[in-house]
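Work through the exercises below with the sequence and the structure side by side. Each task is followed by a solution in steps.

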Amino acid sequence: MTEMKEKTGSLGREAGKAMRWNAAAAGATLLSQFFQLIVLARWLSPAEFGLAATAISIAGFAQGLTDFGLTNALVQRVNIEEKAWATALWACLLGGVLLFAGLSAASPICERLLHLKGLTPLLCFAAFSLLWAGPASVFQADLQRRLSFSRLATAEIIAAVASLSAALGWALWRREAMALVAGQVALIAVRCISLGLVSPLRPAPRLRFSDLRPLASFGTYQMGERVLNYASGNLDRLLVARLLGAAAAGYYTVASQIALRPLALLAPFVFRTLFPLFARLQEEKERLAFSLIRTLSLLSLLSAGLYALLFGLASPLAHLVLGGGWGPTVPVLRVLTGVGFLWAVSTPLTSLTLALGRAGAGFWINVLALAMNGTAVLIGSRYGLKGVAWGMVVSVALSMPVDFILARRWVGIAPGRMLWAMGWAVPLAVLASLAMQTFGVRGSGFHFGLELGLKGILGCAVFAVAAWIFQRSRVREALAELHAKLPERFQRR
């Protein structure tokens with residue numbers, strides 16, 4: 001056990017360095033999108049937001065096809081020949097060109113099917129992101145495989161700045177829904193260029209699909225899983241647009257964007273860090289299980305704290321950030337914090353599935369999730385936007401036991417132990433949320449900025465005190481885990 005802890009500690013320091021860089025990249029992307037939301041929510045109507053979000057969601061679905069599922073296979077496999085990297089890059093570029101042409105041609109059909117007038121030009125412009133998405137994924141896979149997270153983070157930060165500049169610049173020129181799409185296209189394009197510049201990968205012009213045969217099985221399942229995962233995560237927005245209209249889609253999209261901000265901050269750097277590191281441990285099941293439980297416990301504390309604040313601050317945050325015309329987002333936002341928390345704490349299970357080469361299992365998990373989410377939204381839409389949000393919460397919660405069962409089979413972790421690691425901080429979050437809600441009733445006369453600050457301080461204080469009183473040992477373990485991932489110069493202080 002001591003030897004395992006020492007090895008895991010060494011790996012943990014490596015993971016800590018990776019997580020710090022990935023956190024910086026995720027933070028830059030988060031701030032970029034947040035500033036876009038603050039400014040454009042005051043310049044665009046909910047209907048315009050709904051149209052742009054629909055176009056971005058459809059293009060994002062197609063982006064999952066551009067790399068043919070190869071990039072994660074390139075990270076997961078131990079030995080990859082140089083010619084496979086070359087073929088993968090050019091195949092992804094070719095796939096992006098074909099998908100760009102196909103989506104551009106299908107844009108009028110999508111507008112008619114969804115009954116959203118004005119969707120065609122937005123979708124045609126969003127399709128330009130497909131030209132860049134595939135090659136960007138290959139460069140990212142190369143950097144992940146080398147554990148060059150500092151270079152990867154640098155490219156992400158540059159892309160985030162470019163996205164913000166493009167969106168706000170377009171909005172200053174013309175205050176229209178196209179500004180949101182311009183920001184997304186700039187994000188993908190600049191990300192591809194930046195990753196290509198910082199990656200040492202310089203493949204020869206080679207395109208022989210026989211080079212990819214060793215990756216075909218994993219890649220096919222992974223492509224299907226990625227598409228299904230994206231579809232299950234965005235199907236609610238598309239169905240809301242189709243069933244309830246563009247304005248309702250705008251309210252729901254903005255609420256889900258805010259609700260999933262903590263997830264957007266946590267999930268990418270957690271996955272990018274854990275996937276290659278778990279892949280290295282795939283033959284050492286005991287160390288892998290030990291690392292997974294430690295990660296889940298730490299992620300539970302971080303996610304519970306963030307989502308407790310988001311739930312308690314939903315009303316003043318929405319008024320302060322979005323303005324007075326976005327009131328319908330508040331109840332939807334509060335419900336969707338449940339979806340964000342459940343997705344955040346389950347992120348390491350996705351890394352585990354891919355690291356063990358179980359792409360087929362991941363594919364069928366996402367088939368189930370897509371079916372459940374679609375059913376939940378169709379039923380929930382009868383009760384309006386809040387009904388859709390509650391449907392998503394129920395759907396995600398009901399699908400999680402499948403992950404528990406598979407984790408037990410693969411690495412021997414009992415479902416109860418995993419459930420405790422993922423949910424031990426939830427009661428603390430509930431206490432903090434109740435305290436902030438009570439303060440909101442008594443302090444309703446405060447200015448929104450002042451109310452936001454006071455309620456935030458109260459929520460943090462209640463969460464911290466409750467954690468120290470009821471879960472002191474867990475908090476100490478989590479703090480020790482965070483401390484171990486700090487740079488060595490900070491650890492010595």
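Helices here are DSSP runs of type H or I with at least four residues, numbered from the N terminus. The model is a predicted one.

**Exercise 1.** Find how much of helix α15 is covered, and look at what follows α15.

Solution. Step 1: locate α15, which spans residues 347–355. Step 2: apply the cut-off, by which a residue is buried when its relative accessible area is under 20%. Eight of the nine residues in α15 pass, and the helix is mostly covered. Among the buried ones are Thr347, Pro348, Leu349 and Ala355. Step 3: move past the helix to Gly357, which follows α15 and has a positive phi, near 75 degrees.

**Exercise 2.** Place Ser297 and describe how its helix meets α18.

Solution. Step 1: Ser297 belongs to helix α12, residues 285–312. Step 2: its relative accessible area is 8%, so Ser297 is buried. Step 3: list its contacts, leaving aside neighbours within four places in sequence; these are Ala421, Trp424 and Arg474. Step 4: turn to the helix pair. Two packed helices are described by the angle and the distance between their axes. The axes of α12 and α18 (residues 415–423) come within 6 Å and cross at roughly 35 degrees. Step 5: name the residues that meet. From α12 they include Leu292, Leu296 and Ser297, and from α18 they include Met418, Ala421 and Gly423. The contact of α12 with α18 is made up of six nonpolar residues, three polar and one charged.

**Exercise 3.** How many salt bridges are there, and where do their partners lie?

Solution. Step 1: use the cut-off, a side-chain nitrogen of Lys or Arg within 4 Å of a carboxyl oxygen of Asp or Glu. The count is three.

Step 2: take Glu156 and Arg191, whose closest N and O atoms are 3.0 Å apart. Glu156 is in helix α7 and Arg191 in helix α8, so this pair ties together parts 35 residues apart in sequence. Glu156 is buried at 6% relative accessibility, and Arg191 is buried at 13%.

Step 3: take Glu284 and Arg287, joined at 3.0 Å, N to O. Glu284 is partly exposed at 32%, whereas Arg287 is buried at 12%.

Step 4: take Glu451 and Lys455, with 3.6 Å from N to O. Both are in helix α20 (residues 448–470), four residues apart, about one turn of the helix. An α-helix has 3.6 residues a turn, so residues three or four places apart point the same way. Glu451 and Lys455 are both buried.

How values were computed:
Residues numbered from 1 in each chain as written. Predicted model: local features only at pLDDT ≥ 70, side-chain atom pairs only at ≥ 80, totals over all residues. Heavy atoms only, no water. Helix = DSSP H or I, 4+ residues; strand = E, 2+ residues; numbered from the N terminus. Buried < 20%, exposed > 50% of the residue type's maximum accessible area, 1.4 Å probe, protein only. Contact = heavy atoms within 4.5 Å. Axes fitted to C-alpha atoms, helices over the stretch in contact; angles between N-to-C directions. Nonpolar A, V, L, I, M, F, W, Y, C, P; charged D, E, K, R; others polar.
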